[in-house]
Amino acid sequence: MLSIHSARKRGSGGRIGLAVAGGGPIGGMYELGALRAMDEALDGLDPTRLDCYVGVSSGAFLAAGLANRMDTAEICRIFITGTSDDAQFRPETFLRPNLDEYLQRAATLPGLYADWLRRLLRDPRKATRWSDLLLRFGGLVPTGLFDNTGVESFLRDIFSRRGRSNDFRKLDADLFVVAVDLDSGEAVRFGEPGWDEVPISQAVQASSALPGLYSPVEINGRHFLDGALRRTMHGSTVLDRGIDLMIGINPLVPFDATHAAPRAGEAEQIRLTSGGLPAVLSQTLRTLLQSRMQIGMEKYPRQYPNIDQLLFEPNAHDSELFFTNLFSFSSRHRVCQLAYRNTLDDLRKRADVLRPMLAAHGIGLREDIINDRQRSILDGLGRPPRMTETTARLRRALDDVDNLLAQRRAPKARQQRHA
């Protein structure tokens, strides 16, 4: 599903910003599929050469990778096909039990038990209430089921090689990663002055610390959680940076069971109550996140009338996406392919509206890609290039030279078109 806002008066700067929302591991894989489709179908758009990026939660992984000039093909090889010679993704690294915190909190049990016994002797009725017991012993429950230090070490390793950087200040483009301060509820944008000295890998770790799943991340004496707790996409972060085109991706929308086709082996319409509490909670989460997204997207055209805005989201009737566990890594290939096809279909269906808008930013639609109904996300990946650290840095330098020459040719081409 593609939402479009056309600018009233377009600027000539050609600056492009990308906003990527959160949505757990599956949401991140949906966003990767959408980005890969845009990378292939939009001629003149290089996702690694945009002017500004903002990432929230799982979207922060992708925003940080793209800002570090990791292209969508390479990210697909890391997370989807496993054929990358750059990094090896192992899901178990992200799902290690939080044993250290379990043990630390278990060590407090004798003291808590002794305190409870004293209260029991003074006031037996109050001390045995369920509410009092939960209050007294709730501190034994860890703040997160899994240890998210693996997230930070995985990214720190990737961003420390092949000419990439783990320092916001050393990137060619503006990158912002949003997390929420647990104690104040304040949204903090890592990458802004005052917070740009925090390593990118640690900022992403904090932004993706989903409450209950991962523990809050301590940075500069403050504890941070998932950036989606305040806003879904934080699109205003890039809109405030003087861009001309914003591309947004939100992977979670409420499921519309009334318009969904019955699933395989089922003759009747889908009823979410049949999925029990997990289905109800999933629908509730999706509804809350998208309602906040819609409030922001309705305001943006009034607040930023001269900025073209595109928002890519899943189709509301995609039962396959809704009934996939948000925290499952095993379904990542299937979800990525679904997003890839959805995005190509959206580009094809809205081509008449998109062509003049995108042309104003030097972008064209590749008809051969968007009209290929059988195309798979694997078709354009090809064989991964084998590179050493030295050849990777050389290739990056040559790419910089090519980009500089292209920038110098662009103004001349625009002058010739207007002559």
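**Figure 1. A salt bridge between Asp-167 and Arg-169.** The side chains of Asp-167 and Arg-169 come together as a salt bridge, 3.1 Å from N to O. Everything shown here and in the other views comes from a predicted model. The two partners sit on either side of the burial cut-offs: Asp-167 counts as buried because its relative accessibility is 16%, under the 20% limit, while Arg-169 has a relative accessible area of 52% and is therefore exposed. Across the whole structure there are 22 salt bridges, and the next views pick out a few others.

**Figure 2. Glu-192 and Arg-241, a link between two loops.** Here the N to O distance of the salt bridge is 3.4 Å. Glu-192 belongs to the loop between strand E8 (187–190) and helix H9 (200–207), and Arg-241 to the loop between helix H10 (236–239) and strand E12 (245–249), so this pair ties together parts that are 49 residues apart in sequence. Glu-192 is buried at 18% relative accessible area, whereas Arg-241, at 26%, is partly exposed.

**Figure 3. Arg-341 and Asp-345, a salt bridge inside helix H13.** Both residues lie in helix H13 (residues 332–349), four residues apart, which is about one turn of the helix. Their side chains meet in a salt bridge with an N to O distance of 3.1 Å. How do the two ends rate, buried or exposed? Arg-341 counts as buried, with 12% relative accessibility, and Asp-345 counts as buried too, with 19%.

**Figure 4. A salt-bridge network around Arg-162.** Asp-85, Asp-86, Asp-157, Arg-161, Arg-162 and Arg-164 are linked through salt bridges into a network. Look for Arg-162 in the loop between helix H8 (149–158) and strand E7 (174–181). Despite being an arginine, Arg-162 counts as buried, because its relative accessibility of 9% falls under the 20% cut-off. Setting aside neighbours within four places in sequence, its contacts are Asp-85, Asp-86, Met-387, Glu-389, Ala-392, Arg-393 and Arg-396. Asp-85 and Asp-86 therefore turn up twice in this view, as contacts of Arg-162 and as members of the network.

**Figure 5. The annotated pair Ser-57 and Asp-226.** An unreviewed UniProt entry lists Ser-57 and Asp-226 under "active site". They span 170 residues in sequence, yet their C-alpha atoms are no more than 5.6 Å apart, so they gather at one spot. Ser-57 is in the loop between strand E4 (52–56) and helix H2 (58–67), and Asp-226 is in strand E11 (residues 222–226). A polar contact of 2.9 Å joins their side chains. Ser-57 counts as buried at 5% relative accessibility, and Asp-226 counts as buried at 4%.

**Figure 6. Who else is around Ser-57 and Asp-226?** Leaving out residues up to four places away in sequence, Ser-57 touches Gly-22, Ser-207, Ser-208 and Asp-226. With that sequence filter, Asp-226 touches a list of residues including Val-56, Val-180, Ala-206, Ser-207, Ala-209, Leu-210 and Pro-211, along with Ser-57. Ser-207 appears in the contacts of Ser-57 and in those of Asp-226.

**Figure 7. The largest nonpolar core and a separate one.** In soluble globular proteins, nonpolar side chains tend to be buried together. The largest such core in this model has 83 residues, and the members that touch the most others are Leu-32, Met-38, Tyr-53, Phe-79, Leu-175 and Phe-190. Helix H1 (residues 24–41) is the top contributor, giving nine residues. A second, separate core has 19 residues, among them Val-56, Ala-228, Ile-243 and Tyr-300.

**Figure 8. Aromatic pairs, with Phe-89 and Phe-154 up front.** There are eight aromatic pairs in total. Phe-89 and Phe-154 meet edge-to-face, 6.4 Å centre to centre with 70 degrees between the planes. Phe-89 is in the loop between helix H3 (72–81) and strand E5 (96–97) and Phe-154 is in helix H8, so the pair ties together parts 65 residues apart in sequence. Both Phe-89 and Phe-154 are buried. Ring pairs also bring in Phe-79, making a cluster of Phe-79, Phe-89 and Phe-154.

**Figure 9. Phe-190 and its ring partner Trp-195.** The ring centres of Phe-190 and Trp-195 are 5.4 Å apart and the planes sit at 85 degrees, so this pair is edge-to-face. Phe-190 is buried with a relative accessible area of 0%, and Trp-195 counts as buried at 15%. Beyond four places in sequence, Phe-190 touches residues including Phe-168, Phe-176, Trp-195, Ile-219 and Phe-224.

Terms used. Residues numbered from 1 in each chain as written. Predicted model: local features only at pLDDT ≥ 70, side-chain atom pairs only at ≥ 80, totals over all residues. Heavy atoms only, no water. Buried < 20%, exposed > 50% of the residue type's maximum accessible area, 1.4 Å probe, protein only. Contact = heavy atoms within 4.5 Å. UniProt positions renumbered as here; feature names shortened; annotations may be inferred. Polar contact = N/O pair within 3.5 Å; in protein donor to acceptor, adjacent residues only side chain to side chain. Core = buried A, V, L, I, M, F, W, Y, C linked by side-chain atoms within 4.5 Å. Salt bridge = Lys/Arg side-chain N within 4 Å of Asp/Glu carboxyl O. Phe/Tyr/Trp six-rings, centres within 6.5 Å; stacked < 30°, edge-to-face > 60°.
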